[in-house]
Amino acid sequence: MLPPDDFDPPIGISEVLEPGLRRIVAPNPSPMTYRGTNTYLVGTTALAVIDPGPDSAAHLDAVMGAIGSEQFVSHIIVTHAHLDHSPLAAPLSKATGAPVLAFGTATDGRSSIMQSLVDNGLVGGGEGVDISFAPDTRLRDGDVINGPDWRLDVIHTPGHLGNHICLGFGDACLTADHVMGWASSLVSPPDGDLTDFMASCEKLRRRRWRVFYPGHGGPVIDPTARLEWLIAHRRTREAAILATLDKGPATAVQIAQLVYVDTPKALLPVATRNVLAHLIDLMGRSEIEASDPLAHDARFARIGGV
């Protein structure tokens, strides 16, 4: 993993990142959100607010305070329906009159495989999902959102969540929780889908980007290297999981304990969800099978193995 960055911004203060792009960090630091959620403001007159953030009166005040006397909010864009990104969209819309745009609700964009698992009773996941979120306008991959002096290209990037999008801003990309510099993205079935996550990484890699602006943490100044690291990191985890199963059947919890040896105990449940994502992906590629109904406590084995 790349070393942690030195990102330590002032909370609730609007900072200029480049012409037409500002960032305000929300007051919700945690092991999963790092210093807090990054809310971005795009434009100089008509503003797009990207990822308003958690349900926080202080953060709403900070965003409203960053709107100049000759400025107004024309668009509120939510990259995905997690509780650290989307709940403030409705209060901000009420305060500004701007519509909320997103790919859809928390279950939109879910792959057919994940939906079938839900239909068959797969439980778990649901980390921080904003189940009440619903946009005013639904976006689709390839849509373009325009302001008088800005353009945002919608890139559907499911994986972390089915309705996750990234936003191209010229040769910069606002990557939300798909690509971050301080940590890899959580992929927790059935909301997260590793097969989709890897495809979304490849999708982003097809364009030449100058910089990534993530949903948490500082800018990623070498986007290609970070994407390559994320892909390699997942492949390394996959190899470790398969090596464990070469020794015999095991549950996701047992595999996580063996593979995530340096992970703090408190984060082992999160690691287990990541392992389950890998196991489901490997099942889809017919490399392993589950001996029990698919769930976090199912036993998995190599096909044709011991």
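In this predicted model, strands β3 and β4 run antiparallel and are joined by 3 bridges, with L41 standing opposite V49 in β4. The hairpin formed by β3 and β4 has 3 residues between the strands, and in this hairpin G43 adopts a positive phi near 110 degrees. On the sequence, β3 spans residues 38-42 and β4 spans residues 46-50.

Strand β4 also pairs with β5, here in the parallel sense and over 5 bridges, and the bridge partner of A48 in β5 is H75. Between these two strands the chain passes through helix α1, and the resulting β-α-β crossover, from β4 through α1 to β5, is right-handed. Strand β4 is mostly covered, with 5 of its 5 residues buried. In a regular strand, side chains alternate between the two faces of the sheet. In β4 both faces are covered, since A46, A48 and I50 on one side are buried, as are L47 and V49 on the other.

These pairings belong to an open sheet of 7 strands, which has the order β1-β2-β3-β4-β5-β6-β7 and mixed pairing. Its edge strands are β1 (15-18) and β7 (137-138), each of which pairs on one side only. Strand β1 pairs with β2 (residues 21-25) in the antiparallel sense over 3 bridges, and E15 stands opposite R23 in β2. Helix α1 (residues 57-65) packs on the sheet, where it touches β2, β3 and β4, and its direction makes about 160 degrees with that of β2. Helix α2 (residues 89-96), in turn, lies across β4, β5 (72-77) and β6 (100-102), and runs at about 155 degrees to β5.

Nonpolar side chains tend to be buried together in soluble globular proteins. The largest nonpolar core of this model comprises 23 residues, of which I76 and F133 touch the most other members. At least two residues of this core are supplied by each of β4, α1, β5, α2 and β6, and the largest share, 3 residues, comes from α1. When residues up to four places away in sequence are not counted, F133 touches V78, A81, S86, A89, V100, A102, G104 and T105. Apart from this core lies another, of 22 residues, among them I241, A250, V259 and V275.

How values were computed
Residues numbered from 1 in each chain as written. Predicted model: local features only at pLDDT ≥ 70, side-chain atom pairs only at ≥ 80, totals over all residues. Heavy atoms only, no water. Pairing = 2+ DSSP bridges. Helix = DSSP H or I, 4+ residues; strand = E, 2+ residues; numbered from the N terminus. Contact = heavy atoms within 4.5 Å. Axes fitted to C-alpha atoms, helices over the stretch in contact; angles between N-to-C directions. Core = buried A, V, L, I, M, F, W, Y, C linked by side-chain atoms within 4.5 Å. Buried < 20%, exposed > 50% of the residue type's maximum accessible area, 1.4 Å probe, protein only. Right-handed = clockwise from strand over helix to strand, strands pointing away.
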